[in-house]
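Hi,

Here is the structure I promised to pass on. Have a look at it first, and then read my notes below.

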Amino acid sequence: MIYLELFLTFFKIGAFTFGGGYAMLPLIQEAVLEKGWADAESLIDFVAVSESTPGPFAVNLATYVGSDTAGIPGALCATLGVVLPSFIVILIVAGFYERFRSSFAVRGVMSGLKPAVVGLIGAAALSVFVTVFLPDGLSVSLLSSPVLYISAALFAVSVLLSQKKAHPVMIILISALIGVGCGYIFNL
Amino acid sequence: MKEKLRKLPELFVTFLKIGAFTFGGGYAMIPLIQKEAVEKKGWIKDDDILEIVAIAESTPGPIAVNAATFVGFRTAGFWGAFSATLGLVIPSFAIILLISFLLREFREIRAVRYAFIGIRAAVLALIVRALISMYKQSPKKIISYVIMAASLILVAFFRINVIFVILGCGLCGLVFSLIERRRQAK
């Protein structure tokens, strides 16, 4: 039953993501690719759309995967799943948040989770890197593909813009425009 | 009771606005919550904002959803939390639903295909940016670097289930904090 599966998967993702947003990416990658709900390239496209539309990134991404997999009911199940753990935990914690926040155990666990999130986002970045730059694995034909050079140039431009504190939506829009331009010029 | 009931539609509309006008969610939303919930409505105090960020960070789930639920609960109890969270999520849901249907129709168009070739490279840059910002927030101790490297290698190269890695790293953090506390006590 796809709806239940979407709900449970995103419930798990919601319950195990700390730090929100991109920290969720490795979990979503793992679940979505394993279940075959989307391929690696589409997932990156979902990330781009989720980043460049208003609203919480994680909710956007869940809605997108749900909608693409099983239409409106799918989107509903995935979104409900990703939001519910937050909702329940905050309701429980809100009553004694003072004690929760200053608790030794919570601070101890967080001191392990913060660096873990860095490692996990690193793993997600590696996997996206492979999808963008080495879609067919390492091969000789790779070096003759203009897509590789365009992607490398755009990655450099995006990093530069990002260092100049450009807004993510701006970075995505600029890259999209350059992508369209290069696409027609090189007739990809 | 009546006082609380009256706040429900207000909470809903306020977070609907916040959901519709923040890009990227999470931290981008905090200044907006501050403006609406502290300055305009007086639902919470200024100090509470820092508290909310701290709580939202140390509980699982999207930071924006955590913050909305928390403000809603503090303002009007369970139904307050419900109204605020529902309001926050609805714009996302509607917009993404629309875009996902549109993109499915237009994905094969050449210009759209080209645009996404460009966008994918940008997404990688944005992930690297998130990586750097999370790195800066992480504690600067040897054990933190070990956990970073271990979680990266376990997930990227050994394909270990991410949830196990998260549980293991949380446990590591707790154990090492205990060891450190004992050492300081001596």
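Let me start with a single residue. Arg159(B) counts as exposed, because it has just 11 C-beta neighbours inside 10 Å and the cut-off for exposed is 12 or fewer. You'll find Arg159(B) in the loop between α6 (142-156) and α7 (162-185) of chain B. Its phi is near 55 degrees, which is a positive value in a residue other than glycine. Do keep in mind throughout that this is a predicted model.

Chain A has a residue of this kind too. Lys165(A) has a phi near 65 degrees, again positive in a residue other than glycine. Lys165(A) is located in the loop between α7 (146-163) and α8 (168-186) of chain A. Is Lys165(A) buried or exposed? With 6 C-beta neighbours inside 10 Å, Lys165(A) counts as exposed.

For the opposite case, go to Gly66(A), which sits in helix α4 of chain A. This glycine counts as buried because it has 32 C-beta neighbours inside 10 Å, where 20 or more is enough. Which residues does Gly66(A) touch, if you leave aside its neighbours within four places in sequence? They are Leu6(A), Gly74(A), Ala75(A), Cys77(A), Ala78(A) and Thr79(A). Phe104(A), on the other hand, is 38 residues away from Gly66(A) along the chain, and 38 Å separate their C-alpha atoms.

Now for chain B as a whole. It has seven helices and one strand, and from the N terminus on the order is α-β-α-α-α-α-α-α. Its radius of gyration is 21 Å, whereas a compact globule of 186 residues would come out near 16 Å. Along the principal axes, the C-alpha atoms of chain B fill a box of roughly 60 × 55 × 25 Å. Buried residues account for 45% of the 186 in this chain. If you take the contacts in chain B between residues at least 6 apart in sequence, 51% of them join residues at least 24 apart.

Next, the place where the two chains meet. Here 90 residues of chain A are in contact with 83 residues of chain B. On the chain A side, helix α6 (residues 104-133) gives the largest share, with 25 residues. Sorted by class, that side of chain A has 59 nonpolar, 23 polar and eight charged residues.

There's a nonpolar core to look at as well. The largest one has 111 residues, and those touching the most other members are Ile121(A), Ala67(B), Val123(B) and Ile127(B). Helix α4 (residues 57-94) of chain A brings the largest share of this core, 16 residues. As a bit of background, nonpolar side chains tend to be buried together in soluble globular proteins. Try clicking on Ile127(B): beyond its neighbours within four places in sequence, it is in contact with Tyr22(A), Ile121(A), Ala124(A), Ala125(A) and Val128(A).

Last, the domains. Chain A is divided into domain 1 (2-133) and domain 2 (136-188), and their C-alpha centres lie 26 Å apart. How many residues does each domain of chain A put into the contact? Five come from domain 1 and five from domain 2. On the domain 1 side, α3 (40-51) and α6 of chain A each supply at least two residues. By class, the domain 1 residues that touch domain 2 are three nonpolar, one polar and one charged.

Over to you!

Technical notes
Residues are numbered from 1 along each chain as its sequence is written. Chains are lettered from A and ligands numbered from 1 in the order in which they are written. This is a predicted model: local features need pLDDT of at least 70, side-chain atom pairs count only at pLDDT 80 or more; totals for chains, interfaces and linings use all residues. Helices (H or I, at least four residues) and strands (E, at least two) are DSSP runs, numbered from the N terminus. The radius of gyration is taken over C-alpha atoms; the globule rule is 2.2 Å times the number of residues to the power 0.38. Two residues are in contact if their C-beta atoms, placed from the backbone, lie within 7 Å. Ala, Val, Leu, Ile, Met, Phe, Trp, Tyr, Cys and Pro count as nonpolar, Asp, Glu, Lys and Arg as charged, and the others, Gly among them, as polar. A nonpolar core is a set of buried Ala, Val, Leu, Ile, Met, Phe, Trp, Tyr and Cys residues joined through C-beta atoms within 7 Å. Domain bounds come from an automatic or database domain assignment.
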